Amino acid sequence: MSKGKLGYFNPQKPQENRITDIGPCHYGQMLPPVIRRNYGKWASHRILEPGLLVHVSETGEKAFTVRAAAARIMSVEHIREICDIADKHCNGYVRFTTRNNIEFITDSEEKAKALKKELDSRKHVGGSFKFPTGGTGMGMTNIVHTQGWIHCHTPATDASGPVKAVADVLFDEFKNMRLPAKLRIALACCLNMCGAVHCSDIALLGYHRKPPAIDHEVLGKVCEIPLVVASCPLYAIKPITTEDGKKSVSVNIEKCMYCGNCYTMCLALPLSDGPGDGVAILAGGKVSNRLSPPKFSKVIVPILPNNTPRWPEVTDVVKKMVEIWAKEANKYERLGDWAERIGWERFFEKMGLPFTHHLVDDYRLAVDTFRTSTQFKFTEHAWAVSKAVGGI
Amino acid sequence: MSIPGQEKQWDKEEKEHRKYNDVRIFDDNQLNNYTEDELKNYKCKHDISQLEQLESGPWPSFVSDLKREAVHRHKVGQDNLMIPADIVDDLLGIVELSYKERETHWKHGGIVGVLGYGGGIVGRYNDQQAKFPNIAHFHTIRVAQPGAKFYTTDYLRAFSDIAEYRGSGLTNLHGSTGDMVILGSFSEQLEPLFFDLTHDLGVDLGGSGGNLRTPSDCIGKARCEFACYDTMALCYDLTMTYQDELHRPAFPYKFKFKFDGCPNCCIASIARADMSYIGTWKDDIRINQDAVQEYAAGKIPPDGGGFAGRDWGKFDIQAEVINLCPTQCMKWDGKKISINNAECNRCMHCIDVMPEALRVGKDQGLSILFGAKAPILEGAQMSCMTIPFMYANAPYTSIKGVVTKVFDWWTEEGKNRERVGETIQRVSLKKFCEVLGIPPMPQMVTAPRANPYVFFKEEEVPGGFARDIDDYRSRHPR
């Protein structure tokens, strides 16, 4: 590759030798030979042990895959170590999964087991595993997440930190396959949701709780006011002229739901607020069409504090939820399928979570979530209502 | 590489393939320049005590990894790096500050990019420049990933050198949408970095802003028996066809293609893609009755062995497959499974449970669904079943015909920052069907509408919409 400040680029002739619109590297050149030979001929697969899969081709050939976890933010030193392992065991081929796992593919079980052993033996000097194998079958796989405080401008929480904290707590579920169904956890550090957390078994969502601060000094100069006004989904923003004659906007605090769409349009309306920001927990979503259709995750805890560096309140709820689901759900029942079968009132009772006003929808199409039947189960939540009106 | 004739540039199975050594920046001494003791003794120049707490516990610690890169950069030295050698130290420092204050220190946006493109690079600056000058810029470069994220190590090592020389040495593998992400470059390094990527790696930038985002795909036919079409081939073909839409933002907002090979939806297209391509079949599930017997006898574990970590008792086909089938279209007489395929909705459960006995049908293609998005702004939406079946054979002329109609209409009709799912919701699915030139079908809805507020077309109503009050009054005096 080029060296020096400018490399191949000539600022005097910026168009010279410029290559554009070539797209990604063609995948065909990146496939291990066993994959090329059996492309489109796969017949079945098995999970031999957690983290080790075998795919069987119609030709009789087998591909053995070892799956290992990774942190999504990854140094090139770590990538080079992955390459060393792939060179040693897989003839220089490696792949990554949608959920940020690393997959090493070989053509023999013996090689795969040696590789797996080596992966599990490597540790950071800080003590954590570098490449723990697992993430297959009825267990937790890697937690997909966003950027957080490492380099995003809108987060209400960090991403890599809480993910590390949750994954540490659930590490045994990554290494084992003892849950009733797959467990997919995701984190988005604000509700822009760069990841698909809204359809996860458990979703952690950074959430702001205060309306934007308004930088009247610069707003009129750096933002297009009509665009800012139009950006608000709840019509809470109005154009104003400040007392000292500056063009700016006002925010109706009663209406604001802190979504941050205005901040995306205008940098003079920041939302971040240390004590105000926190993490909401959603549960029961999925993307697979297996048995029940895909479904959204539902808010079960409106806010928990950003207690760095380990987010104990968040990990406690997640751990408890997984334990209770694992104990009580039927085989094949995803967390949301289980919650729907027992009823959300029973879910909240079992989880020991308060059901507060935050959890009743009041946004678009809220009426779709109102229960319009007499089919319900009695829990303490129900007695509280009956008592409140003097019914019992 | 997509320059014609160079699609096999990195192919290790080809004799004249490009190797890491052909393009490397760092020599072996520079790459192996620190000891484990130096790593243990590394002290960040900023207090990072909270972050260091995240080095404990079994899960791979990003903090330990970042420290390793910090040590490596110091040893490589500023003379051999175009980006500050201390950039990772300052990054750790500013993240620690966020851990203390619980607020981000990254500023809002900043327009940076390379000549002729409107996307692919996201500008990032911090608001503590005096304290952390080495991360004064921390731009993100999105690099198009190869299909299903397969790599050769030659390619990844070359990528690593670029990301370290003209970036911070930190990456995301991968970004949420699927790109390889180089973190932490400076504005003046963007053009040289882009030239290195295109000239030496043979790869282009990904999407950002109001354009087609980098399409992504599941592993498909490369290593999955469930894949009903070649996800990688279709993803690559459409990515190349729409390079202009990907690099030069001309859309109201982002637009995502995602390619799932089957209804298990491993790439989550139904939740994330404006246009979700999901594999399906229209003939019969293939049954190997001998293998069914083996499952019944407990010789093959259900779900490929995915339940092995707990004793769930003896596998029971009747209870676990037949009775759970959402359409109740299966029968088991103790010897054979039979399926009323016309009633099957292809949920995949029986195939997932018994992949060695049941296989997806042979007459394969894909469904197209539209409109998924995260909550901003009208609330989260999942993609809506719109086209039940299309064959997916190159050159994909019919599929591209659909894409063109959607792009043309949405570019015209969509409002600023309105995803296509929101445009469909605002303008109506009925109108969207007209745009696509398709009739409505019951498969598009969970149920017909319950309210009767139907908009009729004028030609559907005898005499049209024009009214004559005199004529009315001739029959109904005031």
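Where in chain A does Asn17(A) lie? In this predicted model, Asn17(A) turns up in the segment before helix 1 of chain A, the helix that covers residues 33–37. Its backbone is a little out of the ordinary: phi of Asn17(A) is near 60°, a positive value in a residue other than glycine. For background, most residues other than glycine have a negative phi. Asn17(A) is also exposed, with a relative accessible area of 53%; it gets that label because the cut-off for "exposed" is over 50%.

Leu291(A) has a positive phi too, about 60°, and it isn't a glycine either. This leucine belongs to the loop that runs between strand 11 (278–283) and strand 12 of chain A.

Peptide bonds come next. Most of them are trans, but a cis one joins Thr308(A) to Pro309(A), with omega at about -5°. Pro309(A) is found in the loop that links strand 12 (298–305) with helix 9 (312–328) of chain A. Chain B has a cis bond as well, between Ala394(B) and Pro395(B), and here omega is about 10°. As for Pro395(B), its loop sits between strand 14 (384–390) and helix 15 (397–413) of chain B.

Zooming out to chain B as a whole, its secondary structure adds up to 18 helices and 14 strands. Its C-alpha atoms fill a box of roughly 90 × 75 × 50 Å along the principal axes. Chain B has 478 residues, and 60% of them count as buried. Take the contacts in chain B between residues at least 6 apart in sequence: 66% of these join residues at least 24 apart.

Now for the place where the chains meet. On the chain B side, 161 residues are in contact with 148 residues of chain A. An interface's size is often given as the accessible area lost when the parts come together. By that yardstick, chain B and chain A bury about 13,600 Å² between them, and 58% of that is on carbon and sulfur atoms. Within chain B, the residues that lose the most area to chain A are Trp59(B), His108(B) and Arg223(B), which together make up 7% of what that side buries.

Polar and charged groups take part as well. Across the interface there are 95 residue pairs in polar contact and 16 salt bridges. One of the salt bridges ties Arg80(A) to Asp161(B), with the closest N and O atoms 2.8 Å apart. Helix 7 of chain B (residues 153–165) gives the most to the side that touches chain A, chipping in 12 residues. Sorted by class, that side of chain B holds 77 nonpolar, 41 polar and 43 charged residues.

The two chains even share a sheet. In general, strands of a sheet pair through backbone hydrogen bonds, either parallel or antiparallel. Here, strand 4 of chain A (residues 73–75) pairs with strand 4 of chain B (residues 170–173) in the antiparallel sense, over three bridges. Along this pairing, Met74(A) stands opposite Thr171(B), while Ser75(A) faces Leu170(B). The whole thing is an open sheet of five strands with antiparallel pairing, in the order 4(A)-4(B)-5(B)-2(B)-1(B). Its edge strands are strand 4 of chain A and strand 1 (121–122) of chain B, each of which pairs on one side only.

Note on methods:
Residues numbered from 1 in each chain as written. Chains lettered and ligands numbered in written order. Predicted model: local features only at pLDDT ≥ 70, side-chain atom pairs only at ≥ 80, totals over all residues. Heavy atoms only, no water. Contact = heavy atoms within 4.5 Å. Buried area = accessible area lost by both parts, 1.4 Å probe. Salt bridge = Lys/Arg side-chain N within 4 Å of Asp/Glu carboxyl O. Polar contact = N/O pair within 3.5 Å; in protein donor to acceptor, adjacent residues only side chain to side chain. Helix = DSSP H or I, 4+ residues; strand = E, 2+ residues; numbered from the N terminus. Nonpolar A, V, L, I, M, F, W, Y, C, P; charged D, E, K, R; others polar. Pairing = 2+ DSSP bridges. Buried < 20%, exposed > 50% of the residue type's maximum accessible area, 1.4 Å probe, protein only.
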